[in-house]
Amino acid sequence: MNKPIEQIVREHADRPGSLLLVLHAVQREYGYVPPDAVPVIADVMNLSRAEVHGVISFYHFFRRRAPGRHIVQICRAEACQSMNADALAAHAQQRLQIGFHETTADGRFSLEPVYCLGNCACSPAVMIDEELHGRVSPGRFDELIGELEAES
Ligand code: FES
């Protein structure tokens, strides 16, 4: 069972930069920042709901909807761009039939851009469910997705 939002807020609310810490902790616990969490965070931290919403929408890192079972992140930063990450991103969207920040209709995959996975020497880089993959060609991408499709 997930930890209640109010408890998460109280655990982080007195630290510097606490709103971001709280939002990160909520997303770690729930996989996203549920809309119901916003009034709780605002009340406990003595902020307006608009302030909390503003921060959530400013940082694309925070999800506002529950993600799919597998989170596929494609690096869009410079080193990967120079190794055809644009083509890989286009291929991934085509393969999964979704855009970035979207989830497949069956709830299986969510596609997200990231900006450097610290794997620049092995560009283009992809992270799938916390597992890092380097030198990912469109063919390798299809294999990785195919393996996950075969599992579930
Ligand atoms: S730029 Fe893609 S991993 Fe660093």
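Here is a short chat about a predicted model, covering its sheet, one arginine and a few backbone oddities.

Biologist: In what order do the 5 strands of the open sheet run?

Modeller: The sheet is open and its pairing is mixed. Reading across the strands, the order is E2-E3-E1-E4-E5.

Biologist: Which strands stand at the edges of that sheet?

Modeller: Look for strands that have a single partner strand, so that one side is left without a neighbour in the sheet. That fits residues 102–103 and residues 131–133, which are strands E2 and E5.

Biologist: Which residue in E5 stands opposite Val126?

Modeller: Strand E4 covers residues 126–128, and it pairs with E5 in the antiparallel sense over 3 bridges. Across from Val126 in E5 you'll find His133.

Biologist: Which helix lies across E1, E3, E4 and E5, and at about what angle does it run to E1?

Modeller: The one you want is helix H7, residues 138–151. Strand E1 spans 70–75 and strand E3 spans 109–114, and H7 lies across both of them as well as E4 and E5. Its angle to E1 is about 170 degrees.

Biologist: Which residue's side chain makes a polar contact with the side chain of Arg76?

Modeller: Arg76 is in the loop between E1 and helix H5. Setting aside neighbours within four places in sequence, Arg76 is in contact with Gln81, Asp86, Ala89, Phe100, Pro113, Val114 and Tyr115. The side-chain polar contact, at 2.7 Å, is with Asp86.

Biologist: Is the peptide bond from Ser123 to Pro124 cis or trans?

Modeller: Pro124 belongs to the loop between E3 and E4. Omega for the bond from Ser123 to Pro124 is near -10 degrees, and the bond is cis.

Biologist: Is Asn46 buried or exposed?

Modeller: Asn46 isn't a glycine, yet its phi is positive, about 60 degrees. You'll find Asn46 in the loop between helix H3 (37–45) and helix H4 (49–58). Its relative accessible area is 71%, and exposed means over 50%. So Asn46 counts as exposed.

Biologist: What about His101: what is its relative accessible area?

Modeller: His101 is another residue other than glycine with a positive phi, near 70 degrees. His101 sits in the loop between helix H6 (85–96) and E2. His101 is partly exposed, and its relative accessible area is 41%.

Note on methods
Residues numbered from 1 in each chain as written. Predicted model: local features only at pLDDT ≥ 70, side-chain atom pairs only at ≥ 80, totals over all residues. Heavy atoms only, no water. Pairing = 2+ DSSP bridges. Helix = DSSP H or I, 4+ residues; strand = E, 2+ residues; numbered from the N terminus. Contact = heavy atoms within 4.5 Å. Axes fitted to C-alpha atoms, helices over the stretch in contact; angles between N-to-C directions. Polar contact = N/O pair within 3.5 Å; in protein donor to acceptor, adjacent residues only side chain to side chain. Buried < 20%, exposed > 50% of the residue type's maximum accessible area, 1.4 Å probe, protein only.
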